[in-house]
Amino acid sequence: MCADTGREAGDGEPAAETWSAAARALDALAARGQTLAVAESLTGGLVAGALTGVPGASRVFRGSVTAYATGLKRDILGVDGPLLDARGAVDAEVARQMARGVRRVLSAHWGIATTGVAGPDPQDGQPVGTVFVAAEGPGGAGGVLRLTLDGDRRRIRRDTVAAVLRLLVSQLTENAAAQDTEQRGEI
């Protein structure tokens with residue numbers, strides 16, 4: 001159920017947890033004076049939709065690239081062609097390069113990315129529910145998560161949106177704590 005509407009969350013309507021993670025990420029970025037760009041594959045624009053559903057998102061959200069086709073990951077986001085040929089689009093390094101590429105293409109401080117298999121059929125030798133999400137920010141900050149999700153196509157896509165937003169919040173929080181520790185000379 002969506003807390004704000006009382007209806008079940010659908011593809012165009014993020015669940016309360018996802019909306020909360022989007023709001024936390026946007027607030028943290030605004031506090032830093034930083035911007036965000038999104039590269040999406042299996043989520044097809046749902047991450048951008050969750051972010052832009054938060055009032056004031058335009059303070060930090062630059063835009064998104066929905067690179068559903070593998071060739072667009074290479075041609076627009078700059079994902080390494082031989083990597084795509086060897087491993088396919090459902091891969092941790094592909095997700096990392098998508099996040100890096102969208103940062104570059106849209107001139108953002110942070111980039112997040114989703115790639116994976118929502119179903120109904122396996123892809124690139126990966127079973128349905130195999131997903132990679134990535135976040136990349138300034139100074140090498142960031143990370144990649146491999147997810148093994150259950151459910152139908154709609155649930156896998158929804159859970160992927162929540163996961164990439166949680167990853168971003170985690171990276172922003174950990175990065176802020178590390179910077180604070182460095183400034184106090186505790187390293």
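1. A residue is called buried when its relative accessible area is under 20%. Thr 160 has a relative accessible area of 0%, and therefore belongs in that class. The model discussed in this note is predicted, and the points below take Thr 160 as their starting place before turning to the chain as a whole.

2. Thr 160 is part of helix α6. A polar atom of its side chain is placed 2.7 Å from the backbone oxygen of Ile 156. Beyond the neighbours within four places in sequence, the contacts of Thr 160 are with Leu 42, Thr 43, Thr 114, Val 131, Val 133 and Leu 149. Of these partners, Thr 114 recurs in the surroundings of Ser 41.

3. Ser 41 sits in the loop that runs between β1 and α2. With a relative accessible area of 6%, Ser 41 is likewise classed as buried. Its side chain makes a polar contact of 2.9 Å with the side chain of Lys 73. When residues up to four places away in sequence are set aside, Ser 41 touches Lys 73 together with Ala 67, Tyr 68, Met 98, Thr 114 and Thr 115.

4. The overall architecture is as follows. The protein chain contains six helices and five strands, which succeed one another along the sequence in the pattern α-β-α-β-α-α-α-β-β-β-α. The chain has 187 residues, 48% of which are buried. Among the contacts with a separation of 6 or more, 63% involve residues 24 or more positions apart. The exposed area of the chain is about 8700 Å², and carbon and sulfur atoms account for 49% of that area.

5. Nonpolar side chains tend to be buried together in soluble globular proteins. Here the largest nonpolar core comprises 36 residues. Leu 36, Val 47, Leu 51, Ile 112, Leu 165 and Leu 168 have the most contacts inside it. Two or more core residues come from each of α1 (16-32), β1 (36-40), α2 (46-52), β3 (110-116), β4 (130-136) and α6 (153-183). The greatest contribution is that of α6, which supplies nine residues.

6. Leu 165 illustrates how this core is assembled. Not counting residues up to four places away in sequence, Leu 165 touches Thr 18, Ala 21, Ala 22, Val 47, Ala 50, Leu 51 and Ile 112. Three of these partners, Val 47, Leu 51 and Ile 112, are themselves listed with the most contacts inside the core. Apart from this core lies another, of 20 residues, which includes Ala 67, Leu 84, Val 90 and Val 102. Ala 67 is also one of the residues touched by Ser 41.

7. Which residues make a nonpolar patch on the surface? Leu 72, Ile 76 and Val 105 make one of about 200 Å². Ile 76 belongs to the loop between α3 (70-75) and α4 (81-87). Its relative accessible area is 37%, so Ile 76 counts as partly exposed.

8. Side chains of opposite charge can pair when their charged atoms come close. Nine salt bridges are found in the whole structure. One of them joins Arg 100 and Glu 136, with an N to O distance of 3.2 Å. Because Arg 100 lies in helix α5 (residues 92-105) and Glu 136 in strand β4, this pair ties together parts that are 36 residues apart in sequence. Arg 100 is partly exposed, at 38% relative accessible area, whereas Glu 136 is buried, at 12%. Salt bridges with shared partners also bring Arg 103 into one network with Arg 100 and Glu 136.

9. Two further salt bridges deserve mention. The side chains of Asp 159 and Arg 155 meet at 3.4 Å, N to O. These two residues are four apart in helix α6, so about one helical turn separates them. Arg 155 is partly exposed, with a relative accessible area of 41%. Asp 75 and Arg 74 form another salt bridge, in which the closest N and O atoms are 2.8 Å apart. Asp 75 counts as exposed, at 54% relative accessibility, while Arg 74 is partly exposed, with a relative accessible area of 40%.

Terms used:
Residues are numbered from 1 along each chain as its sequence is written. This is a predicted model: local features need pLDDT of at least 70, side-chain atom pairs count only at pLDDT 80 or more; totals for chains, interfaces and linings use all residues. Side-chain values use heavy atoms; hydrogens and water are left out. A nonpolar core is a set of buried Ala, Val, Leu, Ile, Met, Phe, Trp, Tyr and Cys residues joined through side-chain atoms within 4.5 Å. Buried means under 20% relative accessible area, exposed over 50%, partly exposed in between (1.4 Å probe, protein chains only). Contact means heavy atoms within 4.5 Å. Patches are made of residues with over 30% relative accessible area and no salt bridge: like charges are joined within 9 Å, nonpolar side chains (Val, Leu, Ile, Met, Phe, Trp, Tyr) within 5 Å. Accessible areas come from the Shrake-Rupley method with a 1.4 Å probe; for residues, only the protein chains shown count as cover. A salt bridge is a side-chain nitrogen of Lys or Arg within 4 Å of a carboxyl oxygen of Asp or Glu. A polar contact is a pair of N or O atoms within 3.5 Å; within protein, one must be able to donate a hydrogen and the other to accept it, and residues adjacent in sequence count only if both atoms are side-chain atoms.
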